[in-house]
Amino acid sequence: MMELPRFHRLRGAYYRLEGSACPACERRFFPPRSVCPSCKAQGLRTFAFSGRGTLYSFSRVLQPPRGFAAMAPYDVGMVRLEEGPLISAQLADTEGVDLSIGMPVEMVTRKIRDAEEHGYIVYGYKFRPLLRPGRAGGP
Amino acid sequence: MRDVSIIGVGQTAVAEHWDRSIRDLSVEAIAAARQDAGSDRVDVLFVGNMLSGELGGQENLATLVADACALLPIEAVKIEAACASGGAALRAACLAVGSGAHDCALVLGVEKMTDHLTDGVTSALALAADADYEAAHGISFAALNALLMRRYMHEHRARHEDFAPFSVNAHRNAARNPRAMYRTPITVDDFVGSPLVADPINILDSAGICDGAAALLVAPSSEARRARRPPVRVTASACATDSLGLAERRDPLVWQGVADSARMAYEQAKVKPKDIDFFEVHDAFTIVSVLTLEACGFADRGSALKLAAEGRIALEGDIPIGTMGGLKGRGHPVGASGAYQLVECVLQLRGEAGEAQVKGASIGMAQSVGGSGSVAVTHILQA
């Protein structure tokens with residue numbers, strides 16, 4: 001079910017966490033939109049998120065959809081990005097970590113789906129517990 | 001708009017119908033509804049279904065059903081709104097008959113899910129979510145609801161077992177419905193010990209995968225009196241939407257689309273939540289019942305668990321939900337569930353719900369929800 005043009009189109013969001021910002025009301029969105037749902041302005045511009053945020057909620061998937069069995073069980077979460085929006089994503093490097101709501105997390109680029117018959121590996125964002133939480137704000 | 005009524009209903013048992021096709025199930029439910037109405041007239045067919053393409057390799061489903069039921073050459077279309085498809089199909093029929101375009105509309109909700117293994121059905125159900133930003137990341141539909149449940153437990157200091165009364169109630173009611181799939185009562189201990197699907201959601205939080213079909217005949221109320229069975233009026237039909245992606249809500253624990261759909265329905269029927277005698281809730285997961293009861297005005301924010309703990313959702317309570325088992329107990333053949341809810345509403349309002357009868361029921365509400373609260377169709381029916 002992996003269509004090459006589809007995932008190629010998604011590379012800005014998947015690799016660089018690009019969403020949108022509204023020129024009129026300044027609200028920021030992930031995933032990207034072309035019309036602002038808040039003030040209805042058009043012509044939203046690309047906005048790259050920092051990738052830093054806090055964990056809003058999390059779950060461990062034990063009954064995976066087709067294509068994800070090799071990764072299971074895996075953790076997923078919703079993250080409140082520093083710039084405001086929420087994002088849903090897989091969580092990475094959670095082994096031995098007690099996940100908790102509110103913990104700081106950061107974006108990492110990881111494999112989302114293995115190569116299927118066409119040989120295209122989908123990479124994209126996941127979030128991991130902050131490596132050095134004492135130095136919030138990044139490396 | 002003309003006033004419309006439901007003049008006949010029919011349903012198959014909800015089960016793993018390994019020996020029966022989507023055709024077989026459709027034909028049975030439709031024949032039962034036509035017999036119930038005592039009328040052969042059908043002008044248009046609306047088929048509520050979510051996954052016939054994905055799970056059955058069959059689209060153009062409404063033509064298939066019209067053909068199988070020897071209804072050609074009537075107008076026939078499939079209505080898809082994820083798990084709200086059944087409710088959306090009745091709404092299409094209400095618009096068609098209410099507008100005067102047609103005089104007798106047939107509504108079918110049908111789903112055939114059990115030809116596939118669980119991972120295939122799990123992937124198919126995720127089609128209701130955002131394909132690029134949820135499903136493609138392996139976030140299953142159960143996982144989305146698990147994210148909501150964990151957050152709800154965090155904000156309202158609830159424990160997982162606090163959700164047990166919803167599942168216990170559903171199984172208790174299903175035991176009184178001969179068409180239901182899960183007719184075995186369960187205990188709180190069963191609930192707590194059930195295997196996890198997506199932590200904290202377990203098997204007994206979740207409505208099961210199954211097959212089924214339910215049908216309703218809709219006619220103008222002015223002509224409904226000639227039907228064989230007492231007609232039931234549709235006094236409200238309303239649909240509203242919310243963001244496709246759960247993360248794009250201002251507050252994911254506020255199901256605004258569900259609230260908007262209910263508010264419009266209350267306005268149309270000129271009723272308030274306290275006037276509703278029973279509520280067929282879209283309890284695909286226990287957390288959905290909680291968020292729905294709060295969004296529809298039956299409980300304040302953070303207090304739906306208390307409503308359940310106090311037994312107010314039971315058949316004898318002041319707001320009985322899932323009276324014939326709900327999605328959890330009857331089974332959740334996704335695109336058909338909305339039609340089952342409405343058939344059950346009609347049976348309750350005619351006083352034909354048997355052991356599951358809500359005494360003195362005269363106003364019933366059924367709400368069909370698709371995605372993570374991203375589309376909601378609410379109907380209010382009155383005897």
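How much area does chain A expose, and what share of it do carbon and sulfur atoms supply? Chain A exposes about 6900 Å², and carbon and sulfur atoms supply 50% of it; accessible areas come from the Shrake-Rupley method with a 1.4 Å probe, and for residues only the protein chains shown count as cover.

This is a predicted model, in which local features need pLDDT of at least 70 and side-chain atom pairs count only at pLDDT 80 or more, while totals for chains, interfaces and linings use all residues. Residues are numbered from 1 along each chain as its sequence is written, chains are lettered from A and ligands numbered from 1 in the order in which they are written, and side-chain values use heavy atoms, without hydrogens and water.

Further values for chain A are listed here.

| Property of chain A | Value |
|---|---|
| Box filled by the C-alpha atoms, along the principal axes | roughly 45 × 40 × 25 Å |
| Buried residues (under 20% relative accessible area, 1.4 Å probe, protein chains only) | 45% of the 139 residues |

Chain B contributes to a nonpolar core, meaning buried Ala, Val, Leu, Ile, Met, Phe, Trp, Tyr and Cys residues joined through side-chain atoms within 4.5 Å. The largest such core has 80 residues, of which B:Phe163, B:Ile287, B:Leu293 and B:Ile380 touch the most other members. Helix α6 (residues 141-155) of chain B gives the largest share, 10 residues; helices are DSSP runs (H or I, at least four residues), numbered from the N terminus. Beyond its neighbours within four places in sequence, B:Leu293 is in contact (heavy atoms within 4.5 Å) with residues including B:Phe166, B:Phe279 and B:Ile321. Another core, of 46 residues, lies apart from the largest one and includes B:Val4 and B:Leu381.

Terms used: Buried < 20%, exposed > 50% of the residue type's maximum accessible area, 1.4 Å probe, protein only. Helix = DSSP H or I, 4+ residues; strand = E, 2+ residues; numbered from the N terminus.
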